[in-house]
Amino acid sequence: MDLTLSDIQTEIRKVARDYATRVIAPQARAIDEKEMFPKEILKGLGELGLLAVNVPEELGGSGAGVVSYGLAMQEIAAACASTAVTMAVTNMVGEVIATFGTEEQRTKYCPKLASAEYLAGAFALSEAGAGSDPGAMRTTARDDGDSWVIDGDKQWITSGAHAGVFVVWARTGDPATHKGTRGISCFLVEGGTPGLKVGRAEEKMGIRGSNTVPLVFEGLRVPKSALLGQLHGGFKVAMMALDGGRIGISCQAIGIARAALDESVQYAKDRKAFDKPIGEFQATQWKLADMKTELDAAHLLAMRAAYLKETNQTFSREASMAKLFATEAANRIVAHAVQIHGGYGYVRDFPAERHFRDAKVTTIYEGTSEVQRIVIARNVLGS
Ligand code: COS
């Protein structure tokens with residue numbers, strides 16, 4: 001793997017870093033405190049091509065590849081983790097439709113996601129009783145002549161109150177013949193479709209400017225053409241989408257951790273104790289050394305997974321390894337950052353407190369650390 005960035009990768013990172021530091025970072029505290037869904041920022045991301053980085057140009061995307069996407073995600077996450085997760089899910093939805101959609105679906109939805117005409121895309125897989133085990137989902141889609149009728153509930157849906165299009169998974173198979181993961185199909189549902197009810201937004205520990213809602217489908221009717229991919233083939237679509245999504249969340253965690261490290265370095269230079277900057281004490285130096293080492297290891301794992309995906313090689317295990325390590329490392333790094341900041345790490349005047357809260361969810365969503373270990377272990381064991 002060549003670690004030298006191409007011109008396009010360098011450019012995407014520069015564009016993302018500029019927008020993140022100039023526009024997003026100054027608003028990040030307010031986005032968190034006021035639980036503000038960052039609509040204007042998302043429109044800006046759309047204009048810069050950052051909502052569909054790995055979607056082909058002919059569908060309105062940037063066509064810049066997976067490495068570029070990972071780099072952009074790190075930059076946005078370093079400024080605001082809430083904006084980053086909204087961006088991550090929209091990118092994932094655009095890619096799923098670009099990869100598995102019919103020509104009609106691709107040309108209808110991808111440009112709207114890329115340009116932020118739809119403020120966001122949503123990925124409606126999890127249910128109250130089916131998070132780590134989506135094969136246990138209960139939402140159904142019934143074949144009714146020229147349409148499908150969807151009934152059920154979804155939980156933890158990012159951007160659910162704002163999405164223009166939802167990728168929705170539902171059981172289509174006869175339970176007697178299509179058990180577990182085998183009888184699930186995937187559908188595209190437009191925001192505002194009658195029968196789609198959006199529940200009360202969750203009050204979260206972190207990423208408070210992202211929108212997380214439950215959904216209810218009550219006799220929701222979509223045309224036959226709303227089926228995405230093969231009938232009963234939806235579980236594999238979800239798994240393949242999540243493989244890619246896990247690279248995005250690795251990079252979100254890396255961005256959060258990098259911000260926490262940069263701020264800790266600055267604080268260690270500025271803050272004095274016992275008549276010298278605290279960065280001159282080994283107690284601080286060792287923390288900074290561990291933080292930087294873990295951060296770079298996480299980055300390398302994420303870039304390897306991104307490179308494998310971009311070059312059409314198998315990457316499922318590597319994406320899970322990157323997500324497992326980067327998100328767990330990010331939690332260690334933000335904890336060190338709070339400790340280095342002392343009392344100021346525990347209050348909102350410094351961003352360390354927000355990073356600490358934002359980092360936690362990265363070990364939970366798009367597959368918990370425990371799920372990543374299942375994927376990695378099964379792969380290692382060849383089972
Ligand atoms: N790519 C393509 N196909 C895959 C795949 C992947 N990464 N992972 C599994 N599959 C296929 C399998 O090959 C199998 O196909 P067949 O039915 O043809 O044999 C099918 O999917 C079922 O796979 P498996 O038996 O491994 O499924 P499990 O129910 O054991 O689930 C885990 C495996 C736990 C890895 C999966 O359920 C998972 O990732 N869970 C977490 C879900 C998640 O991330 N939720 C967060 C939602 S977004 S916030």
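**Ligand environment in the predicted model**

A backbone N or O atom of G367 lies 3.0 Å from an oxygen atom of the ligand, a polar contact being a pair of N or O atoms within 3.5 Å. Two side chains also supply such atoms: an N or O atom of R378 is 2.8 Å from a ligand oxygen, and one of K236 is 2.9 Å from a ligand oxygen. Of the 1000 Å² of accessible area that the ligand has on its own, the protein covers 69% (Shrake-Rupley method, 1.4 Å probe).

The structure is a predicted model, in which local features need pLDDT of at least 70 and side-chain atom pairs count only at pLDDT 80 or more, whereas totals for chains, interfaces and linings use all residues. Residues are numbered from 1 along each chain as its sequence is written, and side-chain values use heavy atoms, without hydrogens and water.

The ligand is surrounded by 20 residues, of which S132, R182, D243, R246 and R378 come nearest (a residue is near if one of its heavy atoms lies within 4 Å). By class, this shell comprises eight nonpolar, six polar and six charged residues, with Asp, Glu, Lys and Arg counted as charged, Ala, Val, Leu, Ile, Met, Phe, Trp, Tyr, Cys and Pro as nonpolar, and the others, Gly among them, as polar. The largest contribution, seven residues, comes from α6 (helices are DSSP runs of H or I with at least four residues, numbered from the N terminus). Because domain 2 (123–232) and domain 3 (236–381) both give residues to the shell, the ligand lies between them; the domain bounds come from an automatic or database assignment.

How values were computed. Polar contact = N/O pair within 3.5 Å; in protein donor to acceptor, adjacent residues only side chain to side chain. Helix = DSSP H or I, 4+ residues; strand = E, 2+ residues; numbered from the N terminus.
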